[in-house]
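This report describes selected local features of one protein chain. Please keep the sequence and the model at hand while reading.

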Amino acid sequence: MSVNNNYKNTAPAPRKRGPGTAGVIAVILLAVLFAAAIFLFVINRWEIVIRVNGPSAVTGECGEPYRDQGAEAEVTGSILSSVHHQIPVTASAEGVNIHEPGEYKVTYTAKFLWISETAARTVSIVDTTPPQIELLTVEDHYTLPHHPYEEEGYTATDNHDGDITDRVTSQERDGIVYYSVSDEAGNIATAEREIYYDDRNAPVISFEGPEEVFLFKGDSWKDDVRAEDDADGDVTDRVEYETDLNTRKVGTYTVTYTVTDEWGNTATKKRFVTVKPVPAKAPKKMDPKKVIYLTFDDGPGPYTEELLKILKKHKVKATFFVTAAYEDYRDLIKKEYKAGHSIGIHTATHRYEDVYESTDAYWEDFNEMEDIIQAQIGRRVDIFRFPGGSSNTISANYCEGIMTELTQQAGEKGYAYFDWNITSGDAGDTTSGDVMYDNMMEGIHKYENSVILCHDVKDYTVKMMDRFLTDALEEGYTFLPITSDSPGAHHGVNN
């Protein structure tokens with residue numbers, strides 16, 4: 001069977017159809033829904049609801065961190081009440097000053113389209129924290145019994161007011177110090193300190209009169225000791241004595257005083273009492289108008305021993321105003337004393353700048369020499385000579401008016417000082433034995449009681465002495481050692 005490829009289908013083409021019923025219905029529904037949505041959106045009363053997290057009013061302590069709990073917001077409507085749409089919340093820029101008591105507000109704001117809503121939280125910053133008192137302590141600090149407490153120190157700080165140390169008050173009562181301080185808010189802080197009492201110092205023993213007492217044999221003596229304690233006050237009635245003093249026997253005695261305070265601190269002090277023989281009458285053959293007191297200063301030194309031999313040869317007694325300048329020759333003080341010569345103090349150092357710095361400095365140096373003499377001869381002495389004499393003016397370079405004070409104090413302390421009315425010239429004027437001899441011979445012819453200044457530390461003085469003693473003795477002069485009751489040779493005080 002053959003196929004005709006030229007065949008054409010002559011069946012009619014299908015017709016185009018218009019919108020169907022379903023499409024129309026869909027369009028109508030969309031239109032209705034859009035209209036309904038517009039209607040609902042317009043007539044529905046939209047509102048924003050803000051919920052503040054936590055209490056709407058909170059209280060915070062001054063100085064302590066504040067952390068806000070924030071707020072939450074949602075949108076809902078009067079018709080579409082089931083709609084709850086979360087929206088962001090912003091807090092106001094106003095901050096809470098935790099360092100300043102007061103009332104602050106934190107405002108929360110939420111916005112949706114053309115509407116907005118706010119809410120607030122009240123934050124009250126209060127100061128209810130009391131200040132703090134810190135008690136300072138000083139190492140090894142203590143208070144004397146019966147004395148008020150001496151403050152070691154304290155500080156006071158407040159969380160709001162800061163440093164309020166200057167507001168602290170204190171009161172001492174029954175061994176306790178009570179401290180109190182109040183801040184501006186009326187908060188009060190207190191502290192207590194127990195006082196530590198201690199007494200580490202022994203009483204001080206003193207005498208109304210001189211420490212060195214000189215009596216003549218048979219004299220009576222009334223003690224004048226006093227004792228003061230830094231805590232107990234006057235403790236004179238507690239002083240105990242120990243002595244072998246016998247005023248009927250010549251010698252130097254020691255009186256030992258002991259006193260103890262309430263805390264067991266004990267003080268001991270010694271006092272030397274010298275009982276001297278009643279002054280003997282002058283030798284029967286002595287010419288009272290021809291008396292020489294031959295004195296030697298600044299030794300003992302390298303030439304003193306030779307001088308002692310010369311004095312012994314002529315059976316002459318002299319007076320040595322000694323120093324400690326030549327340590328290797330100190331033992332000669334004992335030898336001078338045993339030979340019957342008088343020993344007097346001329347200070348230990350003989351340094352003007354030191355001894356005349358003050359009256360205290362002078363007597364300190366003086367007492368040092370007194371102790372050295374005591375160690376050598378076993379007794380104290382009561383005569384002395386000022387370095388440079390009482391009339392010296394060099395002392396004014398170091399302390400104005402010191403010689404006036406020292407000469408007065410000497411008598412109060414029981415000492416007698418001696419200057420001179422004749423100088424040999426060996427203090428710096430000459431080194432010639434002939435000149436010194438002439439000075440001394442000329443001088444003794446002027447005075448009934450001659451006090452001659454010489455220095456046993458000068459070799460030319462010692463070499464000349466044999467000649468002078470020989471001639472003076474031939475002329476009938478008597479040589480006597482100085483004692484505290486010898487005729488004085490005082491210069492005018494110039495400072």
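Which residue follows α2, and what is the sign of its phi? The residue is K315, and its phi is positive, near 55°. The model is a predicted one, and the values below are computed from it.

**Helix α2 and the loops beside it**

K315 is placed in the loop between α2 and β22. Its phi is a positive value in a residue other than glycine. K315 is exposed, because its relative accessible area is 75% and the cut-off for exposed is over 50%.

T347 also has a positive phi without being glycine, with a value near 75°. This residue lies in the loop between β23 (342–345) and α4 (352–355). T347 has a relative accessible area of 0% and is therefore buried.

Helix α2 itself spans residues 304–314, and its buried residues are T304, L307, L308, I310, L311 and H314. These residues lie on the same side of α2, because the arc they cover around the axis is only 160°. In general, an α-helix has 3.6 residues a turn, so residues three or four places apart point the same way. K309, K312 and K313 are exposed on the other side of α2. The packing partners of the buried residues of α2 are β21 (291–297), β22 (319–322), α3 (332–338) and α8 (459–474).

The loop between β21 and α2 contains P300. The peptide bond that joins G299 and P300 is cis, with omega about 0°.

**Nonpolar cores**

The largest nonpolar core has 51 residues, and L294, M465 and F468 touch the most other members. Helix α5 gives the most to this core, namely seven residues. A second core, separate from this one, has 17 residues, including I50, C62, A71 and V106. As a general point, nonpolar side chains tend to be buried together in soluble globular proteins.

What does L294 contact, leaving aside its neighbours within four places in sequence? The residues are L311, A318, T319, M440, I452, C454, M465, L469, F479 and L480. One of these, L311, is among the buried residues of α2.

**Helix α5, helix α6 and the aromatic residues**

Helix α5 covers residues 359–377 and includes T359. T359 is at 14% relative accessibility and so counts as buried, the cut-off being under 20%. Beyond its neighbours within four places in sequence, T359 is in contact with I402, E405, L406 and Q409.

Q409 is in helix α6 (residues 402–413). With the same neighbours in sequence left aside, Q409 is in contact with T359 and W363. Q409 and P210 are 9.3 Å apart in space, C-alpha to C-alpha, and 199 residues apart in sequence.

The count of aromatic pairs comes to 20. In one of them, F366 and F384 are edge-to-face, at 5.2 Å centre to centre and 90° between the planes. Because F366 lies in helix α5 and F384 in strand β24 (residues 383–384), this pair ties together parts that are 18 residues apart in sequence. Both F366 and F384 are buried. F384 also pairs with F386: the ring centres are 4.9 Å apart and the planes are at 80°, so this pair is edge-to-face. F384 is at 0% relative accessibility and so counts as buried, and F386 is likewise buried, with a relative accessible area of 0%.

Ring pairs join F214, Y352, Y356, Y362, W363, F366, F384, F386, Y415 and Y417 into a cluster. Some lysines lie over the face of an aromatic ring, including those in the table.

| Lysine | Ring | Distance from ring centre |
|---|---|---|
| K290 | Y477 | 5.3 Å |
| K413 | W363 | 5.0 Å |

W363 thus appears in the ring cluster, beneath K413 and in contact with Q409.

**A three-stranded sheet**

What is the strand order in the open sheet of three strands? The order is β8-β9-β10, and the pairing is antiparallel. β8 (132–135) and β10 (162–163) are the edge strands, each pairing on one side only. Strand β9 (residues 154–158) and β8 pair in the antiparallel sense over four bridges. I133 has A156 in β9 as its bridge partner.

Definitions and conventions. Residues are numbered from 1 along each chain as its sequence is written. This is a predicted model: local features need pLDDT of at least 70, side-chain atom pairs count only at pLDDT 80 or more; totals for chains, interfaces and linings use all residues. Side-chain values use heavy atoms; hydrogens and water are left out. Two strands pair if DSSP finds at least two bridges between them. Helices (H or I, at least four residues) and strands (E, at least two) are DSSP runs, numbered from the N terminus. Buried means under 20% relative accessible area, exposed over 50%, partly exposed in between (1.4 Å probe, protein chains only). Contact means heavy atoms within 4.5 Å. Rings of Phe, Tyr and Trp (its six-membered ring) pair if their centres lie within 6.5 Å; planes under 30 degrees apart count as stacked, over 60 as edge-to-face and the rest as tilted. A charge sits over a ring if NZ of Lys or CZ of Arg is within 6 Å of the ring centre and within 35 degrees of the ring normal. A nonpolar core is a set of buried Ala, Val, Leu, Ile, Met, Phe, Trp, Tyr and Cys residues joined through side-chain atoms within 4.5 Å. The arc is that of the directions from the helix axis to the C-beta atoms.
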